[in-house]
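The following exercises are to be worked through with the sequence and the coordinates at hand. Each task is followed by a stepwise solution.

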Amino acid sequence: MLISAPCVVSLTWTLTDGQNRPIDALAEPLEFFYGGDDLLAKVEEALAGHAEGDELQLHLEPEQAFGDYRAELVCFEDRQLFPEQLETGMAFEGLPAGHKTPGMPGDAVYIVTEIYPSHVVLDGNHPLAGMSLRLDLKVRAVREATEDEAAARSVGGSPVTVLGSGTAPAGPSRLH
């Protein structure tokens with residue numbers, strides 16, 4: 001079966017940055033809805049017409065992946081607004097109640113990047129924002145989408161992948 005919307009593709013990949021430094025590898029196949037919200041537009045475009053066993057190499061500029069890094073999505077909030085057990089890398093949907101930084105998107109996922117006794121530094125950028133990426137994909141299987149998958153425009157729950165464009169939380173530990 002050739003990849004065309006709507007269908008489900010099983011993929012494995014190796015993801016590196018623009019200098020070929022490893023970022024992520026998916027050795028076990030994972031299913032994605034093709035023609036919906038599970039994959040970046042550039043990845044879908046490249047997969048069109050391919051079949052099981054095909055291998056692709058893609059270069060993604062930031063605007064084709066997770067956008068440019070936006071310094072205005074970094075803020076400082078009072079340490080007292082956070083749980084006692086706080087670690088760098090933790091992700092929060094939105095800013096905590098009582099936050100003081102005006103104009104920050106309420107639906108963004110904020111990653112704790114630094115912790116000080118008086119304040120916490122939060123970053124609302126995707127962890128891969130501003131990066132050029134190299135993606136080596138292998139199509140492991142292609143199948144027809146179920147009615148439920150087609151209605152949801154996704155396989156399973158919310159699309160949270162390194163390749164996805166969904167709005168669910170994503171953090172450094174949730175690349176796929």
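**Exercise 1. Establish how many helices and strands the protein contains, and in what order they occur.**

Solution. The protein has 2 helices and 8 strands; the model is a predicted one. Read from the N terminus, the order of elements is β-β-α-β-β-β-β-β-β-α. Next, consider burial and contacts. Of the 176 residues, 41% count as buried. Among contacts with a separation of 6 or more, 68% join residues 24 or more positions apart.

**Exercise 2. Determine which residues touch the most other members of the largest nonpolar core, and which elements each supply at least two of its residues.**

Solution. The largest nonpolar core comprises 24 residues, and those touching the most other members are Val 9, Leu 11, Val 43, Leu 47 and Leu 137. At least two residues of this core come from each of strand S1 (7-17), strand S2 (22-34), helix H1 (41-47), strand S3 (55-60) and strand S8 (133-144). A separate, second core has 10 residues, including Phe 82, Leu 95, Met 104 and Val 120. As a general point, nonpolar side chains in soluble globular proteins tend to be buried together.

**Exercise 3. Classify Val 142 as buried or exposed, and identify what it touches.**

Solution. Begin with the location: Val 142 belongs to strand S8. Its relative accessible area is 15%, so Val 142 is buried, the cut-off being under 20%. Then turn to the chain separation. Val 142 and Val 8 are 134 residues apart along the chain, yet their C-alpha atoms are separated by 5.8 Å. Leaving aside residues up to four places away in sequence, Val 142 touches Met 1, Leu 2, Ile 3, Cys 7, Val 8, Val 9, Ala 51 and Glu 52.

**Exercise 4. Describe the surroundings of Glu 44, and state which side chain of opposite charge is nearest.**

Solution. Glu 44 is located in helix H1. Glu 44 is buried but has no salt bridge. The nearest side chain of opposite charge is that of Arg 153, 7.1 Å away, whereas a salt bridge requires a distance within 4 Å. The side chain of Glu 44 does reach the backbone nitrogen of Gly 36, at 3.5 Å. Beyond residues up to four places away in sequence, Glu 44 touches Phe 33, Tyr 34, Gly 35, Gly 36 and Leu 39.

**Exercise 5. State how many disulfides the structure holds, and decide whether Cys 7 and Cys 75 are buried or exposed.**

Solution. The structure holds 0 disulfides. Cys 7 has 0% relative accessibility and therefore counts as buried. Cys 75, at 2% relative accessibility, also counts as buried.

Notes. Residues are numbered from 1 along each chain as its sequence is written. This is a predicted model: local features need pLDDT of at least 70, side-chain atom pairs count only at pLDDT 80 or more; totals for chains, interfaces and linings use all residues. Side-chain values use heavy atoms; hydrogens and water are left out. A nonpolar core is a set of buried Ala, Val, Leu, Ile, Met, Phe, Trp, Tyr and Cys residues joined through side-chain atoms within 4.5 Å. Buried means under 20% relative accessible area, exposed over 50%, partly exposed in between (1.4 Å probe, protein chains only). Helices (H or I, at least four residues) and strands (E, at least two) are DSSP runs, numbered from the N terminus. Lys and Arg count as positive and Asp and Glu as negative; His and the chain ends are not counted. A polar contact is a pair of N or O atoms within 3.5 Å; within protein, one must be able to donate a hydrogen and the other to accept it, and residues adjacent in sequence count only if both atoms are side-chain atoms. Contact means heavy atoms within 4.5 Å. A disulfide is a pair of cysteine sulfur atoms within 2.5 Å.
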